[in-house]
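Here are my notes after a first pass through this one. Have the viewer open while you read.

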Amino acid sequence: MDTPRADTLVRMIAVSELMGSWAYGSNNNVRVLALQQATREEFGLTEVLEWRMDPKTRAAVDLELDYNRDALREFLRTQYEMTQEVLAARGITEVISYRALSWPEGAGLPDWAGLNIGDTFEARQRPLASWSADRQIVADWLEQRGGSGVILVDRKPAQDILSIPTTGMGYFAQKEWVTLPGDSLVTLDGVLTADAPAADVEQTAASSIALGAPALPGAAETLESDEVESPAPVLQEPADRWRPLTITAQLDPDDPLDNWIIQILDGREEFPNWWPRDDSGYAITKRDLDFLGINPVQVKWMLNGEAPMGMTPELYQQFRTDMLEALERDGIDPSQVDVRLKGTGAGFFSGIHKTLPREEDLAGNLEAAQRLQEWFGDSQDRPLRRPYDFMWSLGLEPEPSDFDLDINSTAIVRAAREHWNAHQTDRYPGDFMGGHGYLDKQTVMGALPALAEWASRWEETLGRPLSLGVFESSGPFNATLLGRALSSHFQDTDWIIHQPDTLPYATRDEAVRAAEEVTARFQTWMSSAMGQELAGSNHRRVTALRDAWQQLPPHDSGPGPAVGPYGGVAERAKALVSAAVGSARFAPGDLQALQALAQAADLHAARLAVTLPPGTPRTAPRAAAAAPAVAAPVRPEARRTPGLSA
């Protein structure tokens with residue numbers, strides 16, 4: 001992909017995927033349902049036929065929009081502009097259009113279903129709808145479907161035509177064009193009764209797929225509709241299935257770090273920089289932990305990386321080992337897998353997409369509102385984001401916080417694709433891996449039975465659900481490149497459960513960007529109070545790091561001359577971290593910045609070492625050494641003399 005044509009190729013693939021989703025059906029796959037919603041947003045449509053979806057489908061459509069809304073809207077707008085240019089150039093102001101509608105026996109009917117042929121009426125349409133220039137094609141299709149149905153005819157203004165086969169969506173053989181709803185009346189042009197037998201023709205795979213149904217006036221409210229505003233969360237009784245693990249360990253007052261945490265929670269110490277906070281700056285308090293039923297020792301384990309929330313250190317090690325063994329039984333070597341924990345289990349607070357409800361948001365749920373009042377009282381000192389187990393504690397969700405795992409492995413993607421091709425022939429191919437980049441979960445569990453059994457067993461052990469998202473080895477797409485604040489791409493702050501062997505750089509540009517990242521880490525540390533103070537220091541460890549930094553070659557130099565120098569920077573930065581931690585002199589945030597430099601330089605050197613061109617002597621593969629823990633430093637009994645350790 002490191003070519004000038006890469007962008008064009010990606011756009012061609014994206015357009016092909018979207019055209020395929022429409023060809024499969026206008027409302028029967030997640031991507032096309034997202035396209036319908038994007039149409040509504042792009043063209044400001046209000047009077048449209050809504051579509052009811054179950055919560056699972058609605059969540060999948062929302063996720064598709066979160067990742068691809070801008071691309072979908074551009075896809076639609078570009079087709080519309082091209083179509084309008086073509087129609088205007090030919091002097092076309094309106095087109096005679098035919099459309100068939102059918103419904104199975106017993107389904108809800110629109111309020112105009114009893115009208116007579118020739119009657120004109122207003123029929124709400126979906127944001128996007130297929131019409132044809134040929135009445136016979138429409139009549140043949142309706143006869144093949146069987147059941148009850150009608151044929152509509154309309155003079156469609158050119159301004160309501162989104163696309164024709166030469167400008168985008170639309171099938172030549174069916175003389176199809178795709179339209180926006182418009183505001184004109186339609187005429188009932190034909191009726192097919194329910195007792196008419198279906199024609200003996202082969203049905204397509206798409207014909208058997210249904211995701212939701214139209215929201216017809218007076219129809220039963222059996223599925224969620226996006227026409228109605230989302231109500232306040234409904235109070236849920238906790239499901240008997242979920243019984244979160246009881247943590248019996250306690251903080252030890254004789255341990256310096258444990259004692260420090262005890263004093264922080266008791267209000268005798270201020271919150272240090274490393275204490276868990278949300279993006280508003282709100283820090284966890286004893287009041288929060290007491291209400292949520294969280295043992296403070298879990299916070300310590302999370303900060304030290306010993307165990308995520310909801311596990312003990314011993315269980316965490318077994319959890320990790322069992323998972324890798326399960327993958328091996330499924331034919332996936334651990335060297336082919338990168339596993340990361342996301343969500344509140346790794347950081348206590350949710351991301352920016354989940355805001356803590358207020359009392360006014362719970363007006364319809366008196367019990368939940370009362371629980372929130374018991375927690376905060378009249379205090380406005382509250383987190384902006386949802387803490388761990390918040391929705392469960394208030395009874396707003398039937399499940400406690402889950403273990404949200406990102407499993408990044410091209411080997412798993414390939415195995416899952418084979419399973420999909422063998423077992424999912426009736427489903428839209430684009431659902432295999434949605435636009436958000438992770439695999440269909442049903443397919444993952446089917447392709448990896450040992451992993452599925454592992455997940456089920458550990459859900460029972462931990463009393464919490466496991467959410468497994470599988471991506472390519474490169475991980476989730478970096479949505480910040482599109483200007484989005486929320487992204488799940490690989491980040492330095494990720495909780496890494498397992499990493500594969502070091503991977504080589506795919507392109508020179510990738511290696512240059514990594515070198516630039518190391519420089520950025522160095523500059524961040526140098527701008528800290530610690531970096532400023534040590535800039536002119538003659539301490540031997542500071543001098544060693546300074547000398548190593550000056551030996552770095554230009555960013556665009558080949559991997560050969562850069563491996564050793566970057567490895568030297570990493571080693572000397574780690575040595576300085578160790579000395580600085582021992583001195584108890586510098587702020588944890590400054591130490592974290594220096595540690596981030598060491599890690600970035602170490603990883604860059606390791607990847608350069610396996611990227612050497614043929615014929616270049618290779619250094620031994622570098623294993624990234626564990627850096628000193630500085631997230632929650634042990635508090636000294638007494639303040640030491642300022643200065644670095646030897």
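1. Which residue in strand 8 does V150 stand opposite? The answer is V191. Keep in mind that this is a predicted model. The pair belongs to the antiparallel match between strand 5 (residues 148-157) and strand 8, which are joined by 5 bridges.

2. Strand 8 (residues 186-192) also runs antiparallel to strand 3 (residues 120-121), with 2 bridges between them. If you want a spot to click on, T120 has T187 as its bridge partner in strand 8.

3. Further along there is an open sheet of 4 strands, ordered 13-12-11-14, with mixed pairing. Strand 13 (466-471) and strand 14 sit at the edges, each pairing on one side only. From one strand to the next, the twist averages 30°.

4. Within that sheet, 3 bridges hold strand 11 (residues 338-342) and strand 14 in an antiparallel pairing. V339 has H498 of strand 14 as its bridge partner. Helix 8 packs on the sheet and touches strands 11, 12, 13 and 14, with its direction at about 55° to that of strand 14. Helix 12 (residues 410-423) packs on the sheet too, touching strand 12 and strand 13, and its direction makes about 95° with that of strand 13.

5. Helix 7 (residues 296-304) is worth a look: 7 of its 9 residues are buried, so the rest of the structure largely encloses it. Among the buried ones are W301, M302 and K300. The buried residues pack against helices 5, 6, 8 and 9, plus strand 14 (495-498). Right after the helix comes G305, with a positive phi near 75°.

Methods. Residues are numbered from 1 along each chain as its sequence is written. This is a predicted model: local features need pLDDT of at least 70, side-chain atom pairs count only at pLDDT 80 or more; totals for chains, interfaces and linings use all residues. Side-chain values use heavy atoms; hydrogens and water are left out. Buried means under 20% relative accessible area, exposed over 50%, partly exposed in between (1.4 Å probe, protein chains only). Contact means heavy atoms within 4.5 Å. Two strands pair if DSSP finds at least two bridges between them. Axes are lines fitted to C-alpha atoms, for helices over the stretch in contact, and angles run from 0 to 180 degrees between N-to-C directions.
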